[in-house]
Amino acid sequence: MEIEIGRNKRGRRVYAFDDIAVVPSRRTRDPQDVSINWTIDAYHFDMPVLAAPMDSVVSPATAIRMGQLGGLGVLDLEGVWTRYEDPEPILEEIRSLDAASATTRMREIYAEPIKPELVTARLAEIRAAGVTVAAALSPQRTQELYETVVAAGVDLFVIRGTTVSAEHVSKSTEPLNLKKFIYELDVPVIVGGAATYTAALHLMRTGAAGVLVGFGGGAASTTRATLGIHAPMATAVADVAGARRDYMDESGGRYVHVIADGGLGTSGDIVKAISVGADAVMLGTALARATDAPGGGYHWGSEAHHTQLPRGNRVHVGQVAPLEEILNGPSPVADGTANLMGALRRSMATTGYSDLKEFQRIDVVVAPYLAH
């Protein structure tokens, strides 16, 4: 539905997760009978959760712990673990910075060059633990470092940026040819973010195994304030799920996974992301609240230290519970910030659905929520 903004412009009405709710059906189930398993390519997971490649969320140790708990931790190969032999003092400094100086000092910290030998060592540490190895690079760094990453032995490769397109146009540099790159790579590639039907459809045509959905929606992001760009996530995920459906018809049945990435602060947001078509979710803030997360109660992304135009802050998110309790409970709080998977199971059981693919067909209503 388009709304007239003025005589010269119309805009489509779109929805955030807070604007929608799921509706119970005619049956209910026991939570223990519900499956939240997720499989992408040859890799099977007990939960549909990827830990976002952000220094406040994923270290080699937390990537290993995520794997042991049944999820997937994605290591940022442009973070402090590949720039510093011992990043712990660096993390402690970032946590202790006052707000006024945080951006400037973080720029200096992340100006340290990435060291290929540390990329190899960090991935080897995760692989030695026997869990699925996933790592992320920005589109700008992919051509420079992907050979090192593949040689180190990565199972799933993530190309993640604020937005990633299949058709980047540049007058000064040779852009990454996503279709050629993915075709020549021997591992499944997850790419994003994308926030529209058309952008996602083009990314699917490159051969990506999964598409990340999101743009400027995270708690640490200021993209809406700095660039004026924002994609409310309920509509974005539903649009990209529509692209997945049409691409399946176009490709003769090839299924590309839709992964919601942004605006997922509580278990209810995860429920609603899957209800509008997501196969899995990539969590940042929700996992940064873990007492064993490397951010120590603080959260930031690469946008917070951009050399020219920062589009994010280092934010205080607090500490709720250990990672295992954040994911699987028991929850010490009643606000949807812990036992995320228990809440997903219970929501699916309460509304009568037995697995994630079924749950994508649940009825959804538009019901804007105003917190009091």
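**Local geometry, helix packing and aromatic contacts in the predicted model**

Asp41 is exposed, its relative accessible area being 55%, which lies over the 50% cut-off for that class. The model analysed here is a predicted one. Asp41 is placed in the loop that runs between strand S4 (38-40) and strand S5 (43-45). The backbone of Asp41 shows a phi near 55°, a positive value in a residue other than glycine. A positive phi of about 55° is also found at Asn339, again a residue that is not a glycine. Asn339 belongs to the loop between H12 and H13.

The loop between helix H12 (323-328) and H13 also contains Pro330. The peptide bond leading from Gly329 to Pro330 is cis, and its omega is near 0°. A cis peptide bond is likewise present between Gly192 and Gly193, where omega is about 15°. Gly193 is part of strand S10, which spans residues 189-194.

Helix H13, which follows the loop holding Asn339 and Pro330, packs against helix H10. The two helices, H10 (residues 267-275) and H13 (residues 340-351), meet at an angle of about 50°, and their axes are 9 Å apart. H10 is therefore oblique to H13. In handedness, the crossing of H10 with H13 is right-handed. On the H10 side, the contact is made by Ser267, Ile270, Val271 and Ile274, which meet Leu340, Met341, Ala343, Leu344 and Ser347 of H13. By residue class, this contact comprises 7 nonpolar and 2 polar residues, with no charged residue.

A second helix pair is formed by H2 (residues 88-96) and H3 (residues 99-109), which pack at an angle of about 165° with axes 10 Å apart. Because angles over 145 degrees count as roughly antiparallel, H2 is assigned to this class relative to H3. The crossing of H2 and H3 is left-handed. From H2, the residues Ile90, Glu93 and Ile94 are in contact with Arg105, Met106 and Ile109 of H3. The residues of the H2 and H3 contact divide into 4 nonpolar and 2 charged, with no polar residue. The contact of H10 with H13, by comparison, has no charged residue.

Ile109, one of the H3 residues in that contact, also serves to locate Arg83. The C-alpha atoms of Arg83 and Ile109 are separated by 9.0 Å, the two residues being 26 residues apart along the chain. Arg83 itself is situated in the loop between strand S7 (72-76) and H2. The relative accessibility of Arg83 is 6%, so this residue counts as buried. When neighbours within four places in sequence are left aside, the contacts of Arg83 are with Glu78, Tyr110, Ala111, Glu112, Pro113, Ile114, Lys115, Leu118 and Arg141.

Aromatic rings were examined next. A pair of aromatic rings is described by the distance of the centres and the angle of the planes. The count comes to 4 aromatic pairs. One of them is formed by Tyr146 and Phe181, whose ring centres are 4.8 Å apart with 85° between the planes, an edge-to-face arrangement. This pair links distant parts of the chain, as Tyr146 lies in helix H5 (residues 139-152) and Phe181 in helix H6 (residues 178-184), 35 residues apart. The two partners fall into separate accessibility classes: Tyr146 is partly exposed at 22% relative accessibility, whereas Phe181 is buried with a relative accessible area of 7%.

Phe181 is also paired with Phe157; the ring centres are 5.9 Å apart and the planes lie at 50°, so this pair is tilted. The pair again links distant parts of the chain, with Phe157 in strand S9 (residues 156-160) and Phe181 in helix H6, 24 residues apart. Phe157 and Phe181 are both buried. Together, Tyr146, Phe157 and Phe181 form one aromatic cluster. The cluster thus draws on helix H5 and helix H6 through Tyr146 and Phe181, and on strand S9 through Phe157.

Definitions and conventions
Residues numbered from 1 in each chain as written. Predicted model: local features only at pLDDT ≥ 70, side-chain atom pairs only at ≥ 80, totals over all residues. Heavy atoms only, no water. Axes fitted to C-alpha atoms, helices over the stretch in contact; angles between N-to-C directions. Helix = DSSP H or I, 4+ residues; strand = E, 2+ residues; numbered from the N terminus. Parallel < 35°, antiparallel > 145°, perpendicular 65-115°, else oblique. Left-handed = near helix turned anticlockwise from the far one by under 90°. Contact = heavy atoms within 4.5 Å. Nonpolar A, V, L, I, M, F, W, Y, C, P; charged D, E, K, R; others polar. Phe/Tyr/Trp six-rings, centres within 6.5 Å; stacked < 30°, edge-to-face > 60°. Buried < 20%, exposed > 50% of the residue type's maximum accessible area, 1.4 Å probe, protein only.
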